[in-house]
Amino acid sequence: MVLISDTNDFSPALMFECGQCFRFTQTGDGVYRGAAFGRVLTVSDTPEGVTLDCSQDDFDNIWKNFFDLGLDYADVRGKITTDEFMEKAVEFGRGIRILRQDFWEALCSFIISQCNNIPRIRGVIERLCAAFGEPIGQGYHAFPAPVTVAELSVQDLRGIGAGYRAEYILNAAMAVRDGALTEEELSGLSFADAKKKLTAMHGIGDKVAHCVLLYGLHRLDAFPEDVWIKRALKEHFPQEFDPAVFGEYAGIAQQYIFHYTRMLGREMNKV
């Protein structure tokens, strides 16, 4: 068991419910459980801090990096608080961190996310893992490797609810398997060239490319724009807005904006 006592910028609920990660779900009051990198992890919010049900070795080798604990988010928040709206968004989302996810899992997950809502995305991913991933304990399965997915058929993937995205998933799996699309190459390219390479893939548009760059490659200058971000930009930012105003942390700013706008929209819809 590992305890994270400083939780000013570490909230399991915010990190796992803000649309960046789909395999961690709430199992109890303040408790989330999920899988990443072939491991199952239970994360619990307690009065003493947040506990991670893992060994110190797994924390040092996997989870410390996964939760991006090497970055000072208090410092980041100060740099991206550019106006009153951002001050509110940042304070509302304090505790969000950009998770350092597996590249292939992020690529496949955000292809699945196209024109989809979060519960349906979670469902497709869990069925994909249960059907084709290796068991890793506690009823969980690892995310299936690209070599495994590349051998599936369109019908296999439609059978788990992937719909028209099945072909896109297969194309991506084959590209990763064959070395045509690699984490190493994309990490070494400029942002513009990495995005261009991703969008050259059938079924990957600008938004998915930005999501893969942000969540799968930790390119923190990526700025995915979905319906919630576009609404926020229209209502709270100048017409000529450029995400570059947030500098190297545009992706973190985007996550605060997304979460704040989405949660406000939900509350308004309840009225």
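How are helices α11 and α12 oriented to each other? The model open in the viewer is a predicted one, and the tour begins with this pair.

**First stop: the helix pair.** Select residues 191-199, which form α11, together with residues 206-216, which form α12. The two helices pack at an angle of about 125°, and their axes lie 9 Å apart. An angle that is neither under 35 nor over 145 degrees, nor from 65 to 115, counts as oblique; α11 and α12 are therefore oblique to each other. Their crossing is right-handed.

Next, display the side chains at the contact. From α11, choose Phe191, Ala194, Lys195, Leu198 and Thr199; from α12, choose Asp206, Ala209, His210, Val212 and Leu213. Coloured by character, the residues of this contact divide into six nonpolar, two polar and two charged.

**Second stop: α12 and its end.** Keep α12 selected and show its surroundings. Nine of its eleven residues are buried, and the helix is mostly covered. Among the buried residues are Val208, Cys211, Leu214, Tyr215 and Gly216. Move on to histidine 218, just after α12, where phi is positive, at about 55°.

**Third stop: the nonpolar cores.** In soluble globular proteins, nonpolar side chains tend to be buried together. Here the largest nonpolar core has 75 residues, and Leu107, Phe246 and Ile252 have the most contacts inside it. Centre the view on isoleucine 252: leaving aside neighbours within four places in sequence, this residue is in contact with Leu71, Tyr73, Val76, Ile80, Ile98 and Leu220. Finally, select Phe10, Phe24, Tyr32 and Leu41, which are among the 20 residues of another core, lying apart from the largest one.

Terms used
Residues numbered from 1 in each chain as written. Predicted model: local features only at pLDDT ≥ 70, side-chain atom pairs only at ≥ 80, totals over all residues. Heavy atoms only, no water. Axes fitted to C-alpha atoms, helices over the stretch in contact; angles between N-to-C directions. Helix = DSSP H or I, 4+ residues; strand = E, 2+ residues; numbered from the N terminus. Left-handed = near helix turned anticlockwise from the far one by under 90°. Contact = heavy atoms within 4.5 Å. Nonpolar A, V, L, I, M, F, W, Y, C, P; charged D, E, K, R; others polar. Buried < 20%, exposed > 50% of the residue type's maximum accessible area, 1.4 Å probe, protein only. Core = buried A, V, L, I, M, F, W, Y, C linked by side-chain atoms within 4.5 Å.
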